[in-house]
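Here is a friendly tour of a predicted model. Keep the viewer open while you read, and we will go through the strands and helices in turn.

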Amino acid sequence: ALRGAVVVPSPADEDNVRHIVGIATGEYISKSLRQDDILALGWGGTVYAAAQSLSPRKNSGISVVSLSGGLPRSAIINPYDNAASFAKILDAQCYYMTAPMYADDETTKKALMRSSAIRTVVDKATNADVALLTTIDLTAKTWIIKHGAITREMLKSLVAAGAVGGVCDQYVDADGRVIDHELNRRTVAVPLSTIRKIPHLVLCAGGSFKIPIIRAALAAGLAHTLITDERAAIGLLAA
């Protein structure tokens, strides 16, 4: 259940909301992380912006664990690079999921999840002290197509199946339930059921276009602290 929220002023141009919410998130994570903590990390534009305001540390003993498989092409906003930039600033050990974000089929996904390399990462995430999560919207403003994670056709098919968005590349309905969809069956990521057990879940997401998926993530029990902007906060309270 939600224990607290940080609400920042909404930017005049909503396209800048990821940056504004991200900066507040970096400051919050800097204050929250203790020596030797394990930080489980989602990925996206807001997480990328959060790295910009993280306070650098030395000999932190911190471990950063990526919760998602990787994208096939390198970009500053992808799970590998988001985790690497956090680890560098925090002088932390970094654990990656050495697999694609989406396996070719369900059988391959199951084999990958059973592999020792990925089991190590999942075990590390299971023992995390803090998780920093964000949301994927399925609106015209989404970044998910631009970054090559899914195609426009796949987005339409997710919406048709009842998805309002995703958390850690797992797509959920308005009540926060993982939908029955072939993409979810191929996703290589730490399952939401595992993430939910991490003691401090920080969800960073803003913008009116993110309201449905933020609401779904809250319903799924994926936030103890929400970092958002005024416009989204007002929309969430209006329901």
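Leu203 of β9 stands opposite Leu226 in β10. In this predicted model, three bridges join β9 to strand β10 (residues 225-229), and the two strands run parallel. β9 also pairs with strand β5 (residues 130-133): four bridges join them, and these strands run parallel as well. In that pairing, Ala131 stands opposite Leu201 of β9.

Is β9 enclosed or open to the outside? Five of the five residues of this strand (residues 200-204) are buried, so β9 is largely enclosed by the rest of the structure. If you colour the strand by side-chain direction, His200, Val202 and Cys204 point one way, while Leu201 and Leu203 point the other way. Residues on both faces are buried.

From Leu203 you can step across to a glycine in another part of the chain. The C-alpha atoms of Gly42 and Leu203 are separated by 9.5 Å, although the two residues lie 161 places apart along the chain. Gly42 sits in the loop between β2 (38-41) and α2. Its relative accessibility is 3%, and because buried means under 20%, Gly42 counts as buried. Which residues does Gly42 touch, leaving aside its neighbours within four places in sequence? Gly42 is in contact with Val47, Leu67, Asn82, Leu132 and Cys168.

The strand just before that loop is worth a look too. In β2, Ile38 and Ala40 point one way and Leu39 and Leu41 the other way, and all are buried. β2 pairs with strand β3 (residues 63-66) in the parallel sense, over four bridges. Within this pair, Ser66 of β3 is the bridge partner of Leu41.

Now for the helices. Three helix pairs can be set side by side:

| Helix pair | Angle | Axis separation |
|---|---|---|
| α2 (residues 45-52) and α3 (residues 79-90) | roughly 15° | within 10 Å |
| α4 (residues 106-114) and α5 (residues 116-126) | about 65° | 5 Å |
| α9 (residues 211-219) and α10 (residues 230-238) | about 60° | 10 Å |

Let us begin with α2 and α3, whose axes cross at roughly 15°. That angle makes α2 roughly parallel to α3. The crossing is left-handed. On the α2 side the contact is made by Val47, Tyr48, Ala50 and Ala51, and on the α3 side by Asn82, Ser85, Phe86 and Ile89. By class, this contact has six nonpolar residues, two polar ones and no charged ones. Val47 and Asn82 are both familiar from the contacts of Gly42.

α4 and α5 pack at about 65°, which makes α4 roughly perpendicular to α5. Leu112, Met113 and Arg114 in α4 meet Ser116, Ile118, Arg119 and Val122 in α5. Four nonpolar, one polar and two charged residues make up this contact.

The α9 and α10 pair has a right-handed crossing. Here Ile211, Ile214 and Arg215 of α9 meet Arg231, Ala232, Gly235 and Leu236 of α10. The residues in the contact divide into four nonpolar, one polar and two charged.

What do the buried residues of α9 pack against? The buried residues of this helix are Ile211, Ile213, Ile214, Ala216 and Ala217, and they pack against β6 (136-137), β7 (165-167), β8 (170-172), β9, β10 and α10. Just after α9, Gly221 takes a positive phi of about 75°.

Three of those strands belong to a sheet of their own. It is an open sheet with the order β6-β7-β8 and antiparallel pairing. β6 and β8 stand at the edges, each with a single partner strand, so one side of each is left without a neighbour in the sheet. β6 and β7 pair in the antiparallel sense over two bridges, and Ile136 stands opposite Gly166 in β7. α9 packs on this sheet and touches β6, β7 and β8, with its direction at about 45° to that of β7.

Terms used:
Residues are numbered from 1 along each chain as its sequence is written. This is a predicted model: local features need pLDDT of at least 70, side-chain atom pairs count only at pLDDT 80 or more; totals for chains, interfaces and linings use all residues. Side-chain values use heavy atoms; hydrogens and water are left out. Axes are lines fitted to C-alpha atoms, for helices over the stretch in contact, and angles run from 0 to 180 degrees between N-to-C directions. Angles under 35 degrees count as roughly parallel, over 145 as roughly antiparallel, 65 to 115 as roughly perpendicular and the rest as oblique. A crossing is left-handed if the near helix is turned anticlockwise from the far one by less than a right angle, and right-handed if clockwise. Contact means heavy atoms within 4.5 Å. Ala, Val, Leu, Ile, Met, Phe, Trp, Tyr, Cys and Pro count as nonpolar, Asp, Glu, Lys and Arg as charged, and the others, Gly among them, as polar. Buried means under 20% relative accessible area, exposed over 50%, partly exposed in between (1.4 Å probe, protein chains only). Two strands pair if DSSP finds at least two bridges between them.
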